[in-house]
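Here's a quick briefing to read with the structure open beside you. Take a look at the fold, then work through the notes by topic.

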Amino acid sequence: MTRWRLDVAYDGSGFRGFAVNVGIRSVAGELQGALAKMCGHEVVLVCAGRTDAEVHARRQVVHFESDANLDSLRMVRSLNRMLGPEIAVIAALVVPGSFDARFSAIWRRYRYSVVTSVWVDPQLARFVWHTEGDLDAEAMREAAQTFVGRHDFSAFCRRTPPAPGRPERSRVRNLFEFAIVPDGTNRLDFWVLASSFCHHQVRSMVGTLVEVGEGRRSVASVAEALESQDRQQCGRVAPAHGLTLWEVGY
């Protein structure tokens, strides 16, 4: 069996997330279906990070195995004909059997985009959170540095019950960078880089920081929420459609 890596971009608007779920349209479901036609057998995809419904990806990474005689360029062209324009396969390459799209990754970078103008460009609306009104970017930047480093992010992660017989997963994460960068006059991009993220972590952090930018909560309250490990101390969760998995490092 040959192990393949695919780099994939997608507009998550029309999908109920990345992961396969019976009866629900997902990115992995569409991609696996197209690969099955090409390979002549069912395939199982492993991804770098499962994205939620309406979350996008610029460079998601997946791997699968097949004994079919496949050519990289033909694979990319065929998959894009079947899956475009919602899903685009950027590259396909053979990798060692030890490569794992999830466990070989050493960092993930996400971008979250917020537009604060009175109106939002319809061509961008599916990819940004439109929240009308000025935001205090400096206060948000100061508060964002609270997240940098190794912390228990329980206050900023959605709690899901563990599978029967399994221990609850740790919510300790190592966050390397958090930058808030203007893009034009009325847009702010929140760039977050970490070894990995727990469920809803980026959206919870962004939603909380926007409350700081609006003046609805203090900079100090962010550190207090983080230290509390109490989900009730977190601010609102930012909408999914403003989030993009930007790239994955190996």
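What follows covers a set of paired strands, one strand residue and a helix. Keep in mind that this is a predicted model.

**Strands β7, β8 and β9**
- β8 (residues 172-182) pairs with β7 (residues 149-152) in the antiparallel sense, over 4 bridges.
- One pair to look for there is His151 and its bridge partner in β8, Arg173.
- β8 also pairs with β9 (residues 187-194), again antiparallel, this time over 7 bridges.
- Across that pairing, Ile180 stands opposite Phe190 in β9.
- The β8 and β9 hairpin has 4 residues between its strands, and Gly184 takes a positive phi near 85° in this hairpin.

**Val192 in β9**
- Val192 lies in strand β9, and it counts as buried because its relative accessibility is 0%, below the 20% cut-off.
- Leaving out residues up to four places away in sequence, Val192 touches several others, including Arg108, Tyr110, Leu175, Phe178, Phe197 and Met205.
- Val8 sits 184 residues from Val192 along the chain, and their C-alpha atoms are separated by 20 Å.

**Helix α5**
- In α5 (residues 219-228), the buried residues are Ser221, Val222, Ala225 and Leu226.
- These residues cover an arc of only 140° around the axis, so they lie on the same side of α5.
- Glu224 and Glu227 are exposed on the other side of α5.
- What do the buried residues of α5 pack against? They pack against α3 (137-144), β7 and α4 (201-213).
- Just after α5 comes Gln229, with a positive phi of about 60°.

Note on methods: Residues numbered from 1 in each chain as written. Predicted model: local features only at pLDDT ≥ 70, side-chain atom pairs only at ≥ 80, totals over all residues. Heavy atoms only, no water. Pairing = 2+ DSSP bridges. Helix = DSSP H or I, 4+ residues; strand = E, 2+ residues; numbered from the N terminus. Buried < 20%, exposed > 50% of the residue type's maximum accessible area, 1.4 Å probe, protein only. Contact = heavy atoms within 4.5 Å. Arc of directions from axis to C-beta.
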